[in-house]
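Visitor: Could you take me through one part of this model up close, helix against helix? I'd like to know what touches what, and then how that part sits in the rest.

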Protein chains: 2
Amino acid sequence: MTQTDIARSLTMKGERTRGKIVDAAASLMLNDGVAGTTIEGVCAAAGVGRSQVYHYFDDKGELVRAVIERQAELVFSGQEPHLAHVRGWESWEAWRDFVVEIQRKAGCVGGCPLGSLASELADEDELTRQLLVKSFERWERAFLRGVQRMQDLGLVRADADTALLATTLLAALQGGLLLCQTRKDVASLETSLNGAIGYLRTFAV
Amino acid sequence: MTQTDIARSLTMKGERTRGKIVDAAASLMLNDGVAGTTIEGVCAAAGVGRSQVYHYFDDKGELVRAVIERQAELVFSGQEPHLAHVRGWESWEAWRDFVVEIQRKAGCVGGCPLGSLASELADEDELTRQLLVKSFERWERAFLRGVQRMQDLGLVRADADTALLATTLLAALQGGLLLCQTRKDVASLETSLNGAIGYLRTFAV
């Protein structure tokens, strides 16, 4: 092994440990909230020592932000393929079914991994809030591209305000997920998404 | 004073103390979350002793449920008059402006007093979840009556599914409030509500 190989191998091991800590923290924070999650709990769940956690994260705030990035990536990477390859109205129904199916499989537990964090942390420190804003924006842009694709396909009117439609879709998703989580029933989520798609349809050519 | 007068006066005093405790707890839980709120903190904020809190509430769970009932009453009593006296499309715009103005005045802090609690507590004990469900249902019924009134006025088609429309409105409100709280900007909330009203308009006669 060369020095470079050793360094790379150490980095990969470090990345794995860091990932293990973030995964454990994400799971605990989804179940018990951020306030209900302690560094001790994260250590126990990840099977690492305190010093390892503090090697990768200056404080709990930095770990929380890593969890936000992880959850944002999770929801984005799940939905983005649906929204990036919109082929027509049936693509929106496929996206809706995909979202509903995830909740059904999860027993309607946890709500939106990003929305739950936003609800708890949006009024906390500015750094965390800005990361939440950025994460929602990235997600909203995926909706925006989906709606723009509908315009390109000649299925949605060229004068439709795509930015407003993207916000409407994201909000309907967030609200639907909260009702789904509370009611432990996917019906409200499905209804909410149908409403948002129905509104998009008012701009159909 | 008769014995009855004394009993009534004591009850009123008790009600005031209980109310003071619930108000203090509601305010703390809105700021710090339920998990971040301790009985000690509630005592300090309400200016009462622990024994007084435990006189009115068996445990923190019971206090939390009293807070849910208070917050549900707060959002319901604010919006219900708008929804109970729907006179036409302008009533929905007045309701939207009312909701947006509350957030603007609050500096977009806190989100929905009921939605925030739901997001944190929906996966906790069943008793609490059922109270959240009941609270959302009561709110949703106010939307339902508003949509039904539109039908009675001959402004919305008689065959429109009023229950689905009520869910769509509630979900759009919840999602919009979460984006508003995160972005510290009422624009997303306004957009989301316009989307839901726009969807309702697709059923206009």
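Guide: Let's go straight to α4(A) and α5(A), where α4(A) passes α5(A) in a right-handed crossing. Keep in mind that this is a predicted model. Helix α4 of chain A spans residues 60–84, and its packing angle with α5(A) is about 165°, the axes being 9 Å apart. An angle over 145 degrees counts as roughly antiparallel, so that is the label for α4(A) and α5(A).

Now for the side that each helix offers. From α4(A) come Gly78(A), Gln79(A), His82(A) and Leu83(A), and they meet Trp92(A), Ala94(A), Trp95(A), Phe98(A) and Val99(A) in α5(A). Sort the residues of that contact by type and you get 6 nonpolar, 3 polar and no charged.

Stay on α5(A), because it has another partner to show you: helix α5 (residues 89–105) also packs with helix α8 (residues 162–183), both in chain A. Here the angle is about 30° and the axes are 11 Å apart. Anything under 35 degrees counts as roughly parallel, and therefore α5(A) and α8(A) are described that way. The crossing, with α5(A) passing α8(A), is right-handed.

Which residues carry the contact between α5(A) and α8(A)? On the α5(A) side you'll find Trp92(A), Trp95(A), Val99(A) and Gln103(A). Across from them, α8(A) brings Leu169(A), Leu173(A), Leu177(A) and Cys180(A). This contact divides into 7 nonpolar residues, 1 polar and no charged. If some of those α5(A) names ring a bell, they should: Trp92(A), Trp95(A) and Val99(A) appear in the contact with α4(A) and again in the one with α8(A).

For another helix pair, go along the chain to α6 (residues 113–121) and α7 (residues 126–152) of chain A, whose axes come within 10 Å and cross at roughly 150°. That makes α6(A) and α7(A) roughly antiparallel to each other, and their crossing is left-handed. On α6(A), the contact uses Leu114(A), Gly115(A), Leu117(A), Ala118(A) and Leu121(A). On α7(A), Thr128(A), Leu132(A), Ser135(A), Phe136(A) and Trp139(A) do the job. The tally for α6(A) with α7(A) is 7 nonpolar, 3 polar and no charged.

Stepping back to the whole chain, chain A has 9 helices and 0 strands. Its C-alpha atoms fill a box of roughly 60 × 45 × 35 Å along the principal axes.

There are annotations to place too, both from an unreviewed UniProt entry. That record gives "domain: HTH tetR-type" for residues 15–75 of chain A, a stretch that is 80% helix and 0% strand, with its end C-alpha atoms 21 Å apart. The record's "DNA-binding region" covers residues 38–57 of chain A. Over residues 38–57 the chain is 75% helix and 0% strand, and the end C-alpha atoms lie 14 Å apart.

Last, the other copy. Chain A can be laid on chain B by a turn of 180° and a shift of 0.0 Å along the axis, with an RMSD of 0.0 Å. The two copies are thus related as by a two-fold rotation axis. In chain A, the C-alpha nearest that axis belongs to Gly175(A), 1.9 Å from it. Both copies use the same surface, too: 100% of chain A's contact residues recur in chain B.

Key
Residues are numbered from 1 along each chain as its sequence is written. Chains are lettered from A and ligands numbered from 1 in the order in which they are written. This is a predicted model: local features need pLDDT of at least 70, side-chain atom pairs count only at pLDDT 80 or more; totals for chains, interfaces and linings use all residues. Side-chain values use heavy atoms; hydrogens and water are left out. Copies are superposed by least squares on the C-alpha atoms of residues with pLDDT of at least 70 in both. Contact means heavy atoms within 4.5 Å. Axes are lines fitted to C-alpha atoms, for helices over the stretch in contact, and angles run from 0 to 180 degrees between N-to-C directions. Helices (H or I, at least four residues) and strands (E, at least two) are DSSP runs, numbered from the N terminus. Angles under 35 degrees count as roughly parallel, over 145 as roughly antiparallel, 65 to 115 as roughly perpendicular and the rest as oblique. A crossing is left-handed if the near helix is turned anticlockwise from the far one by less than a right angle, and right-handed if clockwise. Ala, Val, Leu, Ile, Met, Phe, Trp, Tyr, Cys and Pro count as nonpolar, Asp, Glu, Lys and Arg as charged, and the others, Gly among them, as polar. UniProt positions are given in the numbering used here, feature names are shortened, and annotations may be inferred rather than shown by experiment.
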